Amino acid sequence: MKKIDMTQGRVSTLLLTLALPIIGSSLLQFTYQLVDMLWVGRLGSEAVASVGSSTFFIGLGYAIQSFVVIGTGISVAHAIGEKNKIKIKSYINAGTLINLIVGALYALFLTLSAKRLIGFLDLNHAGVSQGATHYLLISAPMLFFNFFNLLYARLLNAHGNNQEVLKINLIGILLNLTLDPILIYGCGQGVSGAAWASLIANGVMTLLFYSRFRPLFRFQPSIGFERKAAWDIVRLGFPMALQRILFTFVNIVLAKCIAIFGQEAIAAQKIGLQLESIVFMVIGGINGAIASFVGQNHGAIQNDRIRIGVNYALGLAVGYAAVASLLFILIPRPLTLLFIQEEHPIRMTCHYLQVIACSQLFSAIEMVLNGFFTGIKRPNIPALISIIFTCLRIPLALLLMKPFGVTGIWLSIAISSLLKGCMSYYLYRRIVRRRLLSGKDTTSDDQSDHRHDTDHSIDAKGICCE
């Protein structure tokens, strides 16, 4: 497996080399989501609302599992920067076992609790509730496979090998796109057909990842499961996971508020989020690139390169988000018509896009700096920012719903995103940039002893195909 050394070479070229395959994978994923929603959208706003309702609990699974992906990704990236092969495999062993346990438990939880979870949303529509329950039940095993796909992709990203992630994602998405119309309409499965298509595609992707990179991903008994490695993963991943879990719970509470305004409002937010992913797919690629880049360079104590890389990434992200914001403001209706043709949901979606458009710049800043904080092993900083201002959405929504109706909920989302972006940038400038990158605190918790075993090595086949 090709591995990129991010501690050397031109910073802008490296970041683009890292980001473009991630963006390509995200673009493919967005294309899948776009076509998926087109097929589901033809079934009407009821079907869109069913999928949208169930995705809150699917998102909760991703939030819980994110501590494994983030913690393992940070740890492996730093071990690569230290050029310590034993630590690399130790972290992969621990991350894989923890991921297996978390995936199995959450899939079982969804299987046993799907009906009660959908009932909690008080959708007040029997058809929507039934469709959402079926979709969630089929998504339970899909999540188990996708948990491994996310972990495998993050490990390859840490090695700088994003091209392979792009190829496997392409295969999975093409399979999903092929199965969607067959299962939704040809087999008459409706919303459940979309869930079956995702399950099959994700299962195939897991097999492809593991068979292609088995030497990297397999559990190596000679190293085993090290408690210190597991603790490092949990310690580094938990703050961001807690942030995402609370974020999902806040969204579930907001969904209950949105449901008050009918299934059209639920469908409007679901479609709006799909369109927002146009922004997130690119910014997410930059986020992944900067996290891996900063991780390796922080492990190698290359602080000047970190500064240059973060500034370059911020410029790219803000420029792209500005263009997307203009599109949301100027042409929301043509964008919405891609998904649905019913007039009332169209108007609600257009209004949603125009309200949240102003927050896209600040969301871009927050996402890039999340990658920076993650790379320097300070995930608690963005986690705290997100926890505070995301939880603020609930009282803001309840306050603004009275004078503005459902628009008050959209405003609460936009205001909190603006505040998160501003606070992230403030802390980057005033705290992290001055202290952690000025030479006053250039060592992290594990850097004091990370050099003692870098001379050790093991057979390359036990680590990766280098």
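How many helices and strands are there in the protein chain? There are 16 helices and 0 strands. The model shown here is predicted, and the views below visit a few places in it.

**View 1. The whole protein chain, made of helices and no strands.** Before zooming in, here is some background for the close-ups. The protein chain has 466 residues, and buried residues make up 60% of them. Take the contacts between residues at least 6 apart in sequence: 85% of these join residues at least 24 apart.

**View 2. N149 and its surroundings in helix 4.** Helix 4 covers residues 126-158, and N149 is part of it. Is N149 buried or exposed? Its relative accessibility is 3%, below the 20% cut-off, so N149 counts as buried. Follow the side chain of N149 and you arrive at the backbone oxygen of N202, at 3.2 Å. Which residues is N149 in contact with, once neighbours within four places in sequence are left aside? They are N202, M205, T206 and F209.

**View 3. Helix 5 packed with helix 6.** Here helix 5 (residues 162-186) meets helix 6 (residues 191-212), with the axes 8 Å apart and an angle of about 155 degrees between them. An angle over 145 degrees counts as roughly antiparallel, and therefore helix 5 is roughly antiparallel to helix 6. The crossing of this pair is right-handed. On the helix 5 side, the residues that meet helix 6 include E164, I168, L175 and L183. Helix 6 brings, among others, W196, I200, V204 and L208. Two residues from View 2 return here, as M205 and F209 are among the helix 6 residues in this contact and are also in contact with N149. Sorted by kind, the residues of the contact of helix 5 with helix 6 are 16 nonpolar, 5 polar and 3 charged.

**View 4. Helix 9 beside helix 10.** In this view the axes of helix 9 and helix 10 (residues 303-330) come within 10 Å and cross at roughly 180 degrees. That angle makes helix 9 roughly antiparallel to helix 10. The residues of their contact divide into 19 nonpolar, 4 polar and 2 charged.

**View 5. H298 in helix 9, with G81.** Staying with helix 9 (residues 263-299), we now look at H298. With a relative accessibility of 4%, H298 counts as buried. What separates the C-alpha atoms of H298 and G81 in space? The separation is 7.7 Å, although the two residues are 217 residues apart along the chain.

Definitions and conventions: Residues numbered from 1 in each chain as written. Predicted model: local features only at pLDDT ≥ 70, side-chain atom pairs only at ≥ 80, totals over all residues. Heavy atoms only, no water. Helix = DSSP H or I, 4+ residues; strand = E, 2+ residues; numbered from the N terminus. Buried < 20%, exposed > 50% of the residue type's maximum accessible area, 1.4 Å probe, protein only. Polar contact = N/O pair within 3.5 Å; in protein donor to acceptor, adjacent residues only side chain to side chain. Contact = heavy atoms within 4.5 Å. Axes fitted to C-alpha atoms, helices over the stretch in contact; angles between N-to-C directions. Parallel < 35°, antiparallel > 145°, perpendicular 65-115°, else oblique. Left-handed = near helix turned anticlockwise from the far one by under 90°. Nonpolar A, V, L, I, M, F, W, Y, C, P; charged D, E, K, R; others polar.
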